[in-house]
Amino acid sequence: MKSISIKTHSQFCMINITSQIQNIVYESGIADGIVRVFVPHTTAAVTINEGADPAVVKDIIKELDKIVLLRDNYLHMEGNSAAHIKSTLVGASEMVMIENGSLVLGTWQAIFFCEFDGPRQRKIFIKVIEG
Ligand code: ZN
């Protein structure tokens with residue numbers, strides 16, 4: 001298993017990690033298989049969406065804020081329940097197929113690390129599996 005360390009610089013952001021995942025796939029030497037990307041945090045997530053127009057991730061962040069209110073008389077005393085809920089909605093892992101050493105993604109797709117309670121130091125675990 002490999003890992004990536006990432007420092008986020010704002011409370012909410014989505015960081016394109018596609019090239020870092022692709023590099024780990026290249027370094028593994030595995031030409032065909034799958035790569036699993038896992039975020040070991042309860043207030044962050046990973047997702048696949050459009051990487052071409054940066055307005056898309058801004059819209060996603062903005063609309064998630066409307067779905068999950070920052071303050072809503074949450075019981076969790078740490079004060080970051082909205083981030084926990086967004087983490088569960090978006091999810092902690094993604095899986096991408098590998099063909100001829102390359103990630104199989106749609107033309108506009110990219111892999112994003114999602115920060116919902118930054119800024120923080122974060123980790124992402126990556127496992128490349130042959131098959
Ligand atoms: Zn918390």
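1. In this predicted model, helix 1 covers residues 18-28, and its buried residues are T18, I21, Q22, I24 and V25. Seen down the axis of helix 1, these buried residues fall within an arc of 160°, so they line one face of the helix. It helps to recall that an α-helix has 3.6 residues a turn, so residues three or four places apart point the same way. On the other side of helix 1, the residues S19, Y26 and E27 are exposed.

2. Just after helix 1 comes G29, which takes a positive phi of about 75°, and this glycine has its place in the loop between helix 1 and strand 3. G29 is exposed, with a relative accessible area of 61%. To give a sense of distance in the model, G29 and I85 are 56 residues apart in sequence and 37 Å apart in space, taken from C-alpha to C-alpha.

3. A second topic is the sheet, which is open, has five strands in the order 1-8-3-5-6, and is paired in the antiparallel sense. Its edge strands are strand 1 (2-7) and strand 6 (102-103), each of which pairs on one side only. As background, strands of a sheet pair through backbone hydrogen bonds, either parallel or antiparallel.

4. Strand 8 can be followed through its pairings with two other strands. Strand 1 and strand 8 run antiparallel and are joined by six bridges, and the partner of S3 in strand 8 is F125. Strand 3 (residues 33-38) also pairs with strand 8 (residues 121-130) in the antiparallel sense, over six bridges. Within this pairing of strand 3, V35 has V128 as its bridge partner in strand 8, while R36 has K127 as its bridge partner there.

5. Which residues hold the zinc ion? Its protein donors are H76 (NE2), E78 (OE), N80 (OD1) and H84 (NE2), and they lie 1.9 to 2.2 Å from the ion. Along the chain these donors follow the spacing H-x1-E-x1-N-x3-H. Two of the donors can be described by their accessibility: N80 is buried, with a relative accessible area of 6%, whereas H84 is partly exposed, with a relative accessible area of 22%.

6. The geometry of the zinc site deserves a careful look, since the angles among its four donor atoms run from 92 to 149° and the site is irregular. The reasoning needs one cut-off: four donors count as tetrahedral if all angles lie between 85 and 135 degrees, and the upper end of the range at this site is 149°. For reference, the ideal angle at a metal is 109.5 degrees for four tetrahedral donors.

7. How many disulfides does the model contain? The count comes to zero. C13 is in no disulfide, and the nearest cysteine sulfur, that of C114, is 8.7 Å away. Seen from the other end, the sulfur of C114 has its closest cysteine sulfur in C13, at 8.7 Å, which is too far for a bond, given that a disulfide needs two cysteine sulfur atoms within 2.5 Å. Each of these cysteines counts as buried, C13 at 14% relative accessibility and C114 at 1%.

8. Is T8 buried or exposed? T8 is buried, with a relative accessible area of 0%, and it is found in the loop between strand 1 and strand 2 (13-16). The side chain of T8 makes a polar contact with the side chain of E115, at 2.8 Å.

9. The last point concerns the backbone, and it starts from a general rule: most residues other than glycine have a negative phi, and most peptide bonds are trans. N73 has a phi near 50°, a positive value in a residue other than glycine; N73 is found in the loop between helix 2 (54-67) and helix 3 (81-90), and it counts as exposed at 78% relative accessibility. N100 also has a positive phi, of about 50°, although it is not a glycine; N100 is found in the loop between strand 5 (93-99) and strand 6, and it counts as exposed at 65% relative accessibility. As for the peptide bonds, the one from G118 to P119 is cis, with omega near -5°, and P119 is found in the loop between strand 7 (109-115) and strand 8.

Conventions: Residues are numbered from 1 along each chain as its sequence is written. This is a predicted model: local features need pLDDT of at least 70, side-chain atom pairs count only at pLDDT 80 or more; totals for chains, interfaces and linings use all residues. Side-chain values use heavy atoms; hydrogens and water are left out. Donors are N, O and S atoms within 2.8 Å of the metal (3.2 Å for Na, K and Ca); water is not among the atoms, so sites may look incomplete. Four donors count as tetrahedral if all angles lie between 85 and 135 degrees; four count as square planar and six as octahedral if opposite donors are over 155 degrees apart and all others between 65 and 115; anything else is irregular. Buried means under 20% relative accessible area, exposed over 50%, partly exposed in between (1.4 Å probe, protein chains only). Two strands pair if DSSP finds at least two bridges between them. Helices (H or I, at least four residues) and strands (E, at least two) are DSSP runs, numbered from the N terminus. The arc is that of the directions from the helix axis to the C-beta atoms. A polar contact is a pair of N or O atoms within 3.5 Å; within protein, one must be able to donate a hydrogen and the other to accept it, and residues adjacent in sequence count only if both atoms are side-chain atoms.
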